[in-house]
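Trainee: I should be grateful for guidance in reading this model. May we look at it together?

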Amino acid sequence: MENDLVQISPRPSEQALLPSTEGSPPIRLTTPHGVARRKTFYIETFGCQMNVHDSEKVSGALVAKGYHPVTHHEDADFILYNTCSIREKAAQKVFSRLGAFKKNYSGNTKIIGVLGCVAQQEGERIFERAPQVSFVCGSASYSKISELVDRLEAGEHRVTGLSLETDECFETEVTRRDNPFRAYLTIIEGCDKACAYCVVPMTRGPERSRPSDAILAEARRLVDEGYTEIQLLGQTVNSYRDSSPARLSFPELLLRVGAIPGLRRLRFTTSHPSDFTPEIVRAVESLPTLCDHIHLPVQCGSNRVLARMKRTYTREEYLEKISCIRGAKRAMSVSTDVIVGFCGETEEDFSGTLSLLDEVEYDQIFSFKYSPRPGTTAGKLEDSVPEEEKGRRLTILQERQRQIQLRKNQALAGREFEVLVEAFQPRLGQSVGRTTSNRVINFPGEPDWVGRYMNVRVISAGPNSLVGVRTEPGLERRSTNAE
Ligand code: 5AD
Ligand code: SF4
């Protein structure tokens with residue numbers, strides 16, 4: 001799964017979207033000195049981009065209720081942790097946060113809530129483990145968040161939203177987007193696949209797609225607000241099924257969103273190989289706004305393990321999808337997710353994963369040691385590969401991939417790319433840009449270049465990023481749309 005390079009505070013134009021406090025006075029609290037002040041909240045997010053975007057929507061819902069966001073939990077009346085339980089370590093993080101919190105804040109009047117995957121999986125058990133928590137809500141219940149917060153405000157001590165039986169998507173009037181350049185936009189929630197190792201179907205509920213008219217309206221609004229890059233999100237984004245009369249297929253939706261005037265970059269993640277069709281490749285190659293990057297998690301290169309993982313495709317079928325991508329008129333970068341040490345994985349199975357890396361030559365991989373999760377089908381099997389051996393395999397895998405990336409990146413020396421400048425590192429005097437293929441390029445720059453599109457020529461490369469120089473400013477007038 002991708003990690004965002006930068007987290008940036010809301011743009012001024014976005015602030016204008018927050019509901020005006022005129023006419024509807026914000027909720028106010030009275031301090032011990034009798035001075036009224038606005039209610040404040042703080043959200044900390046763990047995990048994937050879906051969680052990041054869920055937090056943006058929950059923040060929007062709270063702002064719409066008159067709450068005011070703060071950046072330090074010390075200043076907040078309402079503290080929320082949006083949690084991840086995809087691997088055990090991620091799930092433990094929230095309890096360590098809550099533990100530290102108990103020490104710091106015993107006897108205080110703050111409201112503490114747990115959202116997301118741990119909330120859904122642990123449910124009311126969280127109240128026993130962390131009695132300072134009074135709100136537990138899984139993502140399938142976020143559409144009820146306003147009512148649930150009303151109940152907390154009315155003085156209820158333990159409020160939960162834990163039902164998974166929903167056909168609704170979480171829609172908010174206000175979304176407090178954190179990244180000023182890339183707007184996340186959920187098109188499908190939940191997951192109907194049943195990968196043996198994965199908690200997501202249990203924590204996020206069944207698959208439900210948003211109607212394409214609502215997606216297109218939100219995308220147009222985002223472009224009007226000034227976003228030039230949108231990333232469509234879903235656990236299995238390409239399993240999208242339009243419930244509106246237009247009945248757009250996923251590739252049709254990509255083409256419609258990608259054609260919105262003013263949009264320069266459209267990304268989508270995460271695609272499931274079984275639902276990955278040649279039409280998706282045709283759409284990407286035909287419209288330059290669709291970024292030349294496909295994230296296609298393979299998980300493992302051995303058919304025996306893929307079957308045990310219930311991944312619904314074979315190595316050969318996966319490689320066919322890759323050759324379809326490689327055969328496209330426009331070169332596309334490909335990234336993947338890999339799990340090592342799944343139950344019963346032999347040395348031979350693992351060699352299959354290594355040979356797959358050699359065969360595909362991914363541009364980037366995200367690799368993990370298998371972590372047994374409660375409630376999953378694999379959670380009942382013996383976790384047969386010892387931790388040490390998982391670590392050994394992960395190191396070998398990452399080293400193999402490092403060499404592939406280094407070789408591929410070095411071959412880009414001399415090439416010129418349009419980048420969106422996402423950050424500036426003052427200590428190094430370097431701007432950090434991202435290509436449409438999702439590569440990071442560092443180049444000498446200025447603080448006020450952030451947010452601009454620039455052309456950069458690659459002069460050298462490491463395994464994880466490129467080093468470049470900005471080329472003739474005159475060339476920068478070309479927009480991706482016009483190419
Ligand atoms: N153990 C290790 N990695 C996991 N992933 C999902 N579940 C597990 C697990 N139980 C990885 C997969 C997925 C990515 C988001 O996290 O590779 O694609
Ligand atoms: Fe988990 Fe598989 Fe669904 Fe991805 S497709 S979210 S790995 S169950």
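Mentor: We shall take the confidence, the overall build, the two ligands and some local features in turn.

Trainee: What kind of model is this, and how are its parts numbered?

Mentor: This is a predicted model, in which local features need pLDDT of at least 70, side-chain atom pairs count only at pLDDT 80 or more, and totals for chains, interfaces and linings use all residues. Residues are numbered from 1 along each chain as its sequence is written, chains are lettered from A and ligands numbered from 1 in the order in which they are written, and side-chain values use heavy atoms, with hydrogens and water left out.

Trainee: What is the average pLDDT of the protein chain?

Mentor: pLDDT is the predictor's confidence in each residue, from 0 to 100. Here the protein chain averages 89, and 88% of the residues score at least 70. Residues 1–36 stay under 50, and the model has 77 contacts for them beyond four places in sequence; a contact means heavy atoms within 4.5 Å. Residues 476–483 are also below 50 in pLDDT, with 21 contacts beyond near neighbours in sequence. Where pLDDT is low, the predicted coordinates should not be read in detail.

Trainee: How many helices and strands are in the protein chain?

Mentor: Helices (H or I, at least four residues) and strands (E, at least two) are DSSP runs, numbered from the N terminus. The protein chain has 14 helices and 21 strands. Among its contacts between residues at least 6 apart in sequence, 73% join residues at least 24 apart.

Trainee: What share of the residues is buried?

Mentor: Buried means under 20% relative accessible area, exposed over 50%, and partly exposed in between (1.4 Å probe, protein chains only). Of the 483 residues in the protein chain, 56% are buried. Helix H10 offers an example: its buried residues are Ile280, Val281, Ala283, Val284 and Glu285. Their cover includes helix H9 (250–258), E13, strand E14 (293–295) and H12.

Trainee: Which residues come nearest to ligand 1?

Mentor: A residue is near a molecule if one of its heavy atoms lies within 4 Å of it. Twelve residues surround ligand 1, and of these Arg87, Tyr197, Gln299, Asp337 and Ser371 come nearest. Strand E15 (333–340) and E16 each supply at least two residues of this shell. By class, the shell has six nonpolar, two polar and four charged residues. In this scheme Ala, Val, Leu, Ile, Met, Phe, Trp, Tyr, Cys and Pro count as nonpolar, Asp, Glu, Lys and Arg as charged, and the others, Gly among them, as polar.

Trainee: Which atoms of Tyr197, Gln299 and Asp337 lie by ligand 1, and at what separation?

Mentor: Tyr197 places a backbone N or O atom 3.1 Å from a nitrogen atom of ligand 1. Gln299 has a polar side-chain atom 2.6 Å from an oxygen atom of the ligand, and a polar side-chain atom of Asp337 likewise lies 2.6 Å from an oxygen atom of ligand 1. The protein covers 94% of the 400 Å² of accessible area that ligand 1 has on its own; such areas come from the Shrake-Rupley method with a 1.4 Å probe, and for residues only the protein chains shown count as cover.

Trainee: Which residues surround ligand 2?

Mentor: The shell consists of Cys191, Lys193, Cys195, Tyr197, Cys198, Val200, Pro201, Gln235, Thr236, His272 and Arg311. By class, six are nonpolar, three polar and two charged.

Trainee: Where should one look for backbone features, such as a cis peptide bond or a positive phi?

Mentor: A cis peptide bond joins Thr269 and Thr270, with omega about 5°. Thr270 belongs to the loop between strand E13 (265–269) and helix H10 (278–286). Thr312, a residue other than glycine, has a positive phi near 65°. The loop that holds Thr312 runs between helix H11 (303–309) and helix H12 (315–326).

Trainee: Is Thr312 buried or exposed?

Mentor: Thr312 counts as exposed because its relative accessibility is 59%. Glu361, also not a glycine, has a positive phi of about 50°, and is found in the loop between helix H13 (347–360) and strand E16 (364–369). Glu361 is partly exposed, with a relative accessible area of 29%.

Methods: A polar contact is a pair of N or O atoms within 3.5 Å; within protein, one must be able to donate a hydrogen and the other to accept it, and residues adjacent in sequence count only if both atoms are side-chain atoms.
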